[in-house]
Amino acid sequence: MLRFALILAATSSLLYRADAFTPTADQKLCAELPANADVVAACTRIIEATNSSTLDRAVSHTFRADAARADGNTAAAIADYNQALALMPTLVRALSGRGIAYRNAQKYDLSLHDFDQAIAIEPNNAGLYKFARRQLPDEWR
């Protein structure tokens, strides 16, 4: 199943029924890995479309941020994660992605804050605990 559909299904059980969701061509492309210029352009089209839902825009900001982070553009990644979280403050994927970006920028207090928020939302998500302390200096563990 596509990343986009999974995130939408996982984060929006009240907004969508997972079995009724059919992603658009741009949603399919925006969710592709590895990200490239076409993927980023598809995410941008969703973000800028006037008929995109809040959830669609938040998820697209998250995927575009993932692409920026993978390219080493931490500032752009954090900006897009911020936009996603402004739209949906409880989007765990955006919180954890921003936490990783903050860690990459050596902003460990902000990184841990984001992971703490994500863990509060999804306390049974073992991956969040793993990434929360991964690659931190000893004094931050």
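Helices here are DSSP runs of H or I with at least four residues, strands are runs of E with at least two, and both are numbered from the N terminus. What you're looking at is a predicted model, in which local features need pLDDT of at least 70, side-chain atom pairs count only at pLDDT 80 or more, and totals for chains, interfaces and linings use all residues. Residues are numbered from 1 along each chain as its sequence is written, and side-chain values use heavy atoms, with hydrogens and water left out.

Let's start with the whole chain. The protein chain has eight helices and zero strands, so to read the elements from the N terminus on is to read α-α-α-α-α-α-α-α. There are 141 residues, and 43% of them count as buried, where buried means under 20% relative accessible area, exposed means over 50%, and partly exposed is in between (1.4 Å probe, protein chains only). The accessible surface of the protein chain comes to about 7700 Å², and 52% of that belongs to carbon and sulfur atoms; the areas come from the Shrake-Rupley method with a 1.4 Å probe, and for residues only the protein chains shown count as cover. Now take the contacts (heavy atoms within 4.5 Å). Among those in the protein chain with a separation of 6 or more, 46% are accounted for by residues 24 or more positions apart.

Moving along the chain, have a look at the loop between helix H2 (25–30) and helix H3 (37–48), which is where you'll find Pro34. Leu33 and Pro34 are joined by a cis peptide bond, with omega at about -10°. A little further on, Ala41 sits in helix H3. With a relative accessible area of 29%, Ala41 is partly exposed. In space, Ala41 is 8.8 Å from Asp26, C-alpha to C-alpha, and the two are 15 residues apart in sequence.

Next come the helix pairs. Two packed helices are described by the angle between their axes and the distance between the axes. Axes are lines fitted to C-alpha atoms, for helices over the stretch in contact, and angles run from 0 to 180 degrees between N-to-C directions. Take helix H4 (residues 54–70) and helix H5 (residues 74–87): their axes come within 8 Å and cross at roughly 165°. That makes H4 and H5 roughly antiparallel to each other; on this scale, angles under 35 degrees count as roughly parallel, over 145 as roughly antiparallel, 65 to 115 as roughly perpendicular and the rest as oblique. The crossing of H4 and H5 is left-handed, a label used if the near helix is turned anticlockwise from the far one by less than a right angle, with right-handed used if clockwise.

Which residues of H4 and H5 meet? On the H4 side they include Thr54, Arg57, Ala58 and His61, and on the H5 side they include Ala76, Asp80, Tyr81 and Leu87. Sorted by type, the residues of this contact of H4 with H5 are eight nonpolar, four polar and five charged. Here Ala, Val, Leu, Ile, Met, Phe, Trp, Tyr, Cys and Pro count as nonpolar, Asp, Glu, Lys and Arg as charged, and the others, Gly among them, as polar.

His61 deserves a look of its own. Is His61, in helix H4, buried or exposed? His61 is buried, with a relative accessible area of 6%. Leaving aside neighbours within four places in sequence, His61 is in contact with Ile47, Asp80, Gln83, Ala84 and Leu87.

Now for the second pair. Helix H6 (residues 92–104) and helix H7 (residues 108–121) pack at an angle of about 160°, with their axes 8 Å apart. H6 and H7 are therefore roughly antiparallel to each other, and H6 passes H7 in a left-handed crossing. The contact is made by residues including Val92, Leu95 and Ile100 of H6 and Tyr108, Phe115 and Ile121 of H7. By type, the residues of the contact of H6 with H7 divide into nine nonpolar, four polar and three charged.

The loop between H6 and H7 holds Ala105 and Gln106. Ala105 counts as partly exposed at 32% relative accessibility, while Gln106 is exposed, with a relative accessible area of 59%. Gln106 also has a positive phi of about 60°, although it is not a glycine.

Finally, follow Ala105 back to helix H5, where Thr74 has its place. Thr74 counts as buried at 19% relative accessibility. Leaving aside neighbours within four places in sequence, Thr74 is in contact with Ala101, Asn104 and Ala105. From C-alpha to C-alpha, Thr74 and Ala105 are 6.9 Å apart in space, though 31 residues apart in sequence.
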